[in-house]
Amino acid sequence: MSGTPDYPVQLVQPDGRRVLDPEHAALVADVGPEQLRGMYDDMVVTRRIDTEATALQRQGQLGLWAPLRGQEAAQVGSARALHPDDYVFCSYREAAVAYCRGVRPTDLTRLWRGVAHSCWDPDAVNMTNPNIVVGSQGLHATGYAFAAHLDGAEIATIAYFGDGASSQGDIAEALGFAASWSASVVFFCQNNHWAISAPVRVQSATPIARRAYGYGMPGVQVDGNDLLAVLAVTRQAVARARSGGGPSFIEAITYRMGPHTTADDPTRYRSAAETEQWARRDPIDRIHRLLEREGHWDDAFERRVSEHADAVARQVRAATIDLPDPTPAELFDHVYATAHPLIAEERKEYTEYLTGDPGEFSAPPEGVPS
């Protein structure tokens, strides 16, 4: 990762053929057929989760969903490069990363159904919950990495964000702080070509990864639809961070096949021809073809993956529909980490108000109209 090459790093072409790149191929030389099949399963399952969640939103069971279709290799490849003690700071589209970090699929929709302020326990999987404030996770990742360094922890943090977020001041500030402090952060930009309806060309006239040079850190572009290439460059950046080498910047060139969120209509701003072109670079099809070429594909494996994906989707649907509505008093549960007398008082007053318990809420003061 000494410099951005003239073209994105690629180890597998769309037709499944390997690319001769000794430097980056060496970084994934340990990935045998079973590991490759396992990551293929990850991508198929997370696409199926994404499809089910989108359907649930269309059916009124979720308030919103941010689809990830087309970005499975960027997410699974990078997530599988991380160590258990590394910490992930995500945006709102990294359901596949969450799955790889050990988040239960049945927890992925809790926030989006509007019954909780979070989806999972961050401490259980070393990954933050979906972040709606675009770009702010870059600062969070930098601060966490610097604090971990002060504590003597040899870990990496990774901040996921999109090409649109790269124009946010928070990302610029995070890059500046990380470079100045030599913080162990991997900045992972999923360049999916569209920040809602704004094309990437209005975000940057040059490759986004080149911004890294201005901050004194290495940057690299990678074919974000190539699972093995993403795994290789992320491993390289994580190793640099964990060994005290400082921050790195990865720009994964991929494509958002669906809408920005389920509140968006992409047909209003992009052509069908563009989408069809990227469909031919599908990340799942690419690994399928690689496995076939190298003799590691059979009908039994295909059936097993399909059945696994369908089973997980059924679990997600059932769990989502069965999520209980929170009680009004739960509004106060997570305001403070420990018990606080002011919160206890406010909970009591609010409960009395809701139950109509006689007291200061039962009638207006004398002289005030009801």
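Guide: A helix here is a DSSP run of H or I with at least four residues, and helices are numbered from the N terminus. Keep in mind that this is a predicted model.

Visitor: With that in hand, which helix holds Thr275?

Guide: Look along residues 272–279, a stretch that forms one helix. Thr275 has its place in that run, so by the DSSP numbering its helix is H11.

Visitor: And is Thr275 buried or exposed?

Guide: Leaving aside neighbours within four places in sequence, Thr275 is in contact with Tyr255, Met257 and Arg270. Its relative accessible area is 19%. The cut-off for buried is under 20%, so Thr275 counts as buried.

Visitor: What about Ala174, what is its relative accessible area?

Guide: Ala174 is found in helix H8, residues 169–181. Not counting residues up to four places away in sequence, it touches Gly138, Leu139, Thr142 and Phe187. Ala174 is buried, and its relative accessible area is 0%.

Visitor: How many ångströms separate the C-alpha atoms of Ala174 and Gln137?

Guide: Along the chain, Ala174 and Gln137 are 37 residues apart. In space, their C-alpha atoms are separated by 8.8 Å.

Visitor: Over to Asp42: which residues does it contact, leaving aside neighbours within four places in sequence?

Guide: Asp42 is found in helix H2, residues 33–58. With 7% relative accessibility it counts as buried. With those sequence neighbours set aside, its contacts are Val76, Arg80, Tyr99 and Cys100.

Visitor: Now helix H13. How far apart are its end C-alpha atoms, against the span it should have?

Guide: H13 covers residues 299–322, which makes 24 residues. At 1.5 Å a residue, the helix should span 34 Å. The distance between its end C-alpha atoms agrees with that, at 35 Å.

Visitor: Which elements do the buried residues of H13 pack against?

Guide: The buried residues are Phe301, Val305, Ala309, Val312, Ala313, Val316 and Thr320. An α-helix has 3.6 residues a turn, so residues three or four places apart point the same way. The buried residues of H13 pack against H2, helix H5 (110–113) and helix H12 (283–293).

Visitor: Which residue caps the N-terminal end of H13?

Guide: Start from the backbone nitrogen of Ala300. A side-chain oxygen lies 3.1 Å from that nitrogen, and the capping residue that supplies it is Asp298.

Visitor: Let's do the sheet. Which strands are its edges?

Guide: Five strands form an open sheet with parallel pairing, in the order S1-S2-S3-S7-S6. The edge strands each pair on one side only: they are S1 (87–89) and S6 (219–223).

Visitor: Which residue in S2 stands opposite Tyr87?

Guide: S1 and strand S2 (residues 157–162) run parallel and are joined by three bridges. Opposite Tyr87, in S2, stands Thr157.

Visitor: Which helix lies across S2, S3, S6 and S7?

Guide: Helix H7 (residues 136–150) lies across S1, S2 and S3, running at about 170 degrees to S2. The helix you want is made of residues 227–242 and runs at about 155 degrees to S6. Its name is H10.

Visitor: Last one: what is the radius of gyration of the protein?

Guide: The protein has 14 helices and seven strands. The globule rule gives 21 Å for 370 residues, and the computed value is close to that, so the protein is as compact as a globular protein of that length. The radius of gyration is 23 Å.

How values were computed: Residues are numbered from 1 along each chain as its sequence is written. This is a predicted model: local features need pLDDT of at least 70, side-chain atom pairs count only at pLDDT 80 or more; totals for chains, interfaces and linings use all residues. Side-chain values use heavy atoms; hydrogens and water are left out. Two strands pair if DSSP finds at least two bridges between them. Helices (H or I, at least four residues) and strands (E, at least two) are DSSP runs, numbered from the N terminus. Contact means heavy atoms within 4.5 Å. Axes are lines fitted to C-alpha atoms, for helices over the stretch in contact, and angles run from 0 to 180 degrees between N-to-C directions. Buried means under 20% relative accessible area, exposed over 50%, partly exposed in between (1.4 Å probe, protein chains only). The expected span of a helix is 1.5 Å times one less than its number of residues. A polar contact is a pair of N or O atoms within 3.5 Å; within protein, one must be able to donate a hydrogen and the other to accept it, and residues adjacent in sequence count only if both atoms are side-chain atoms. The radius of gyration is taken over C-alpha atoms; the globule rule is 2.2 Å times the number of residues to the power 0.38.
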